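Grab a coffee and open the viewer: here are some exercises to work through with the structure in front of you. Try each task before reading its solution.

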Amino acid sequence: MKIVKLLSIVLISFVLCAGIAVPMVPQPHGFFQFPIIPGLENKARNIFFHVPLAWTAVLAFLVALWHGFRYLRTQDIMHDHQSVASAGLGLMFCLLATITGSIWAKFNWGSFWNWDPRETSIFILLLIYGAYFALRSALASEEIRARLSAVYSMIAGVTAPFFVFVMPRLFAGLHPGARGDEAGSTPVAQLHMTGPMRIVFFSGLLGFSLLFFWLLNLRVRVARLEEQHSINLQP
Amino acid sequence: MIVQTFAIASKDLRSELRTRYAVNALLMFVVTSVATILFALREDRVSTDVLSGMYWVVVFFSGTAGLSRIFVGEEERGTALTLRLIASSSAVYFGKLLFNCLQTILLVLAATVLYLIAFPEFVIRSAALFAATVFLGSLGFAAAATIIAAIVAKAQAKGTLYTVLSFPILAPLLLTVIQTTAMALDGAEFSAALGQFQILFGYICAVVGLSFILFDYIWKD
């Protein structure tokens, strides 16, 4: 975990510095220049932050889903702790992705929110996280809470892909990668990145993912300690 | 299992016909919400996009009144335990799903008739497209409502929780049917909406399939 922690700090610091400081020029030469992407210009720097955050929000949801599935198979309460910790972090990353995307949309499309298919899909992801916690707070018994929230996350897990993979391609949108984008409509937006840009981008993906796993580990350890503590308190 | 499924659906139908609680609640909900929309609109002319959106808003919120009750009723009457003993859980699931499908289709029919009367702009220009949309939409709606209702029956604050839980699940369905209904009102060709029908069909299969697998975990204590 120490390596994960250090690596995530190093990578995110690198992405912060490189993503903001490296100049964007029409004909990039060498390592310390990024190309200008037509239609995005300097706003393209958001790729290094917004995309990894959105990716981590989805990753957190999948981890929550996986541990929900494992809980149903094994009835081990530790999997529920993993699941809820992951969902809480996912909610945070999802909010950050929404905010960064919204600020970017203000400068690129002219308004903070305009119900582009991608914006709709991240809004639904937020609602799923909200509903997950609303459900958990409405269930008193620990075992039923763990079981039903696992079931709910799995149902949400099969309906959410309709948003992420089907809708943006069926309905025309403004987001890179939607139908009507001349670069082609694909699940992952095809951004014309050069080698150095890719390095920063994938460092961002890896850095934020590692940050997520580190935070997840911390939260699970806290949950485990709390559980041991409450057992010790009982006579 | 098929016999049990139909037995449970007909049991629900018979107990519903005795009290008519759900049917009355559904129909009154449709009437009151359409009346509210009419109060707000007065003499305004509305576009087909707005109308199809309003149509599904009415259906969605009426669903909260009726469809969410299907398992809560069993818990409140204390008959859930008996049902667990005498029938297999998949039979319970499919029986409840069947009954919810019937309820949704009734609800959608009522909403359609009322919209045709209340809004002069609500003209179904391509009947086949409208019928197919409404039918597939009802099935998908009932499928999601059944499994959410089963979860909600175990929780406190049942009434509000259903809306919160069902909206993110139903959102892909709602977006698709709102779009297709607007197309039907505008008189589009049936073949123009094939992509949307594929989504609806995939959605129904995914939700019913997964619900069938997971229902055991909700139903058995």
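**Exercise 1: A serine in a loop**

Leaving out residues up to four places away in sequence, A:Ser111 touches A:Ala105 and A:Lys106. Keep in mind that this is a predicted model.

Task: work out where A:Ser111 sits in chain A, and whether A:Ser111 is buried, partly exposed or exposed.

Solution.
- Step 1. Find the elements on either side: A:Ser111 lies in the loop between α3 (77-108) and α4 (117-138) of chain A.
- Step 2. Check the accessibility. The relative accessible area of A:Ser111 is 24%, so the residue counts as partly exposed, given that buried means under 20% and exposed means over 50%.
- Step 3. Look for a side-chain partner. The side chains of A:Ser111 and A:Asn114 are joined by a polar contact of 3.1 Å.
- Step 4. Try a distance. From A:Ser111 to A:Leu62 the C-alpha atoms are 31 Å apart in space, with the two positions 49 residues apart in sequence.

**Exercise 2: Another serine, and a salt bridge in the same helix**

Task: find the helix that holds A:Ser153, then find which residue forms a salt bridge with A:Arg147.

Solution.
- Step 1. A:Ser153 belongs to helix α5 (residues 142-170) of chain A.
- Step 2. With 4% relative accessibility, A:Ser153 is classed as buried. Beyond four places in sequence, A:Ser153 touches A:Phe61, A:Leu65 and A:Tyr132.
- Step 3. The partner of A:Arg147 is A:Glu143, with 3.5 Å between the closest N and O atoms. Both residues are in helix α5 of chain A, four residues apart, or about one turn of the helix.
- Step 4. Compare the two ends of the pair: A:Arg147 is buried at 6% relative accessible area, whereas A:Glu143 is partly exposed at 40%.

**Exercise 3: A charged network in chain B**

Task: the whole structure has 10 salt bridges over all chains. Which residues are linked with B:Lys11 in a network of salt bridges?

Solution.
- Step 1. Start with B:Lys11, which forms a salt bridge with B:Glu74, the closest N and O atoms being 2.7 Å apart. B:Glu74 is in helix α4 (residues 69-77) and B:Lys11 in helix α1 (residues 2-19) of chain B, so this pair ties together parts 63 residues apart in sequence.
- Step 2. Check burial here: B:Glu74 is buried at 1% relative accessibility, while B:Lys11 is partly exposed at 28%.
- Step 3. Move on to B:Lys96 and B:Asp12, a salt bridge whose closest N and O atoms are 3.1 Å apart. This pair links helix α6 (residues 89-118) to helix α1 of chain B, across 84 residues.
- Step 4. Both ends are buried this time: B:Lys96 at 0% relative accessibility and B:Asp12 at 6%.
- Step 5. Put the pieces together: B:Lys11, B:Asp12, B:Glu74 and B:Lys96 are linked in one network.

**Exercise 4: The nonpolar core**

Task: which residues touch the most other members of the largest nonpolar core?

Solution.
- Step 1. The core has 119 residues, and those touching the most other members are B:Tyr55, B:Phe71, B:Tyr115, B:Ile151 and B:Leu165.
- Step 2. Ask which element gives the largest share: helix α7 (residues 127-152) of chain B, with 15 residues.
- Step 3. Zoom in on B:Phe71. Its contacts beyond four places in sequence include B:Val92, B:Ala149, B:Phe215 and B:Trp219, as well as B:Lys96.
- Step 4. Don't miss the second, separate core of 13 residues, among them A:Met24, A:Ile47, A:Phe48 and A:Leu205.

**Exercise 5: Where the chains meet**

Task: describe the contact between chain B and chain A, starting with how many residues each chain gives.

Solution.
- Step 1. Chain B gives 30 residues and chain A gives 27 residues.
- Step 2. Turn to area: about 2600 Å² is buried between the chains, with 83% from carbon and sulfur atoms. B:Pro168, B:Ile199 and B:Tyr217 supply 21% of what chain B buries against chain A, more than any other three residues.
- Step 3. Count the polar links. There are zero salt bridges between the two chains, and three residue pairs are in polar contact.
- Step 4. Locate the chain B side: α7, α8 (158-186) and α9 (194-219) each give two or more residues.

Technical notes
Residues are numbered from 1 along each chain as its sequence is written. Chains are lettered from A and ligands numbered from 1 in the order in which they are written. This is a predicted model: local features need pLDDT of at least 70, side-chain atom pairs count only at pLDDT 80 or more; totals for chains, interfaces and linings use all residues. Side-chain values use heavy atoms; hydrogens and water are left out. A nonpolar core is a set of buried Ala, Val, Leu, Ile, Met, Phe, Trp, Tyr and Cys residues joined through side-chain atoms within 4.5 Å. Buried means under 20% relative accessible area, exposed over 50%, partly exposed in between (1.4 Å probe, protein chains only). Contact means heavy atoms within 4.5 Å. Buried area is the accessible area (1.4 Å probe) that two parts lose on being put together, summed over both. A salt bridge is a side-chain nitrogen of Lys or Arg within 4 Å of a carboxyl oxygen of Asp or Glu. A polar contact is a pair of N or O atoms within 3.5 Å; within protein, one must be able to donate a hydrogen and the other to accept it, and residues adjacent in sequence count only if both atoms are side-chain atoms.
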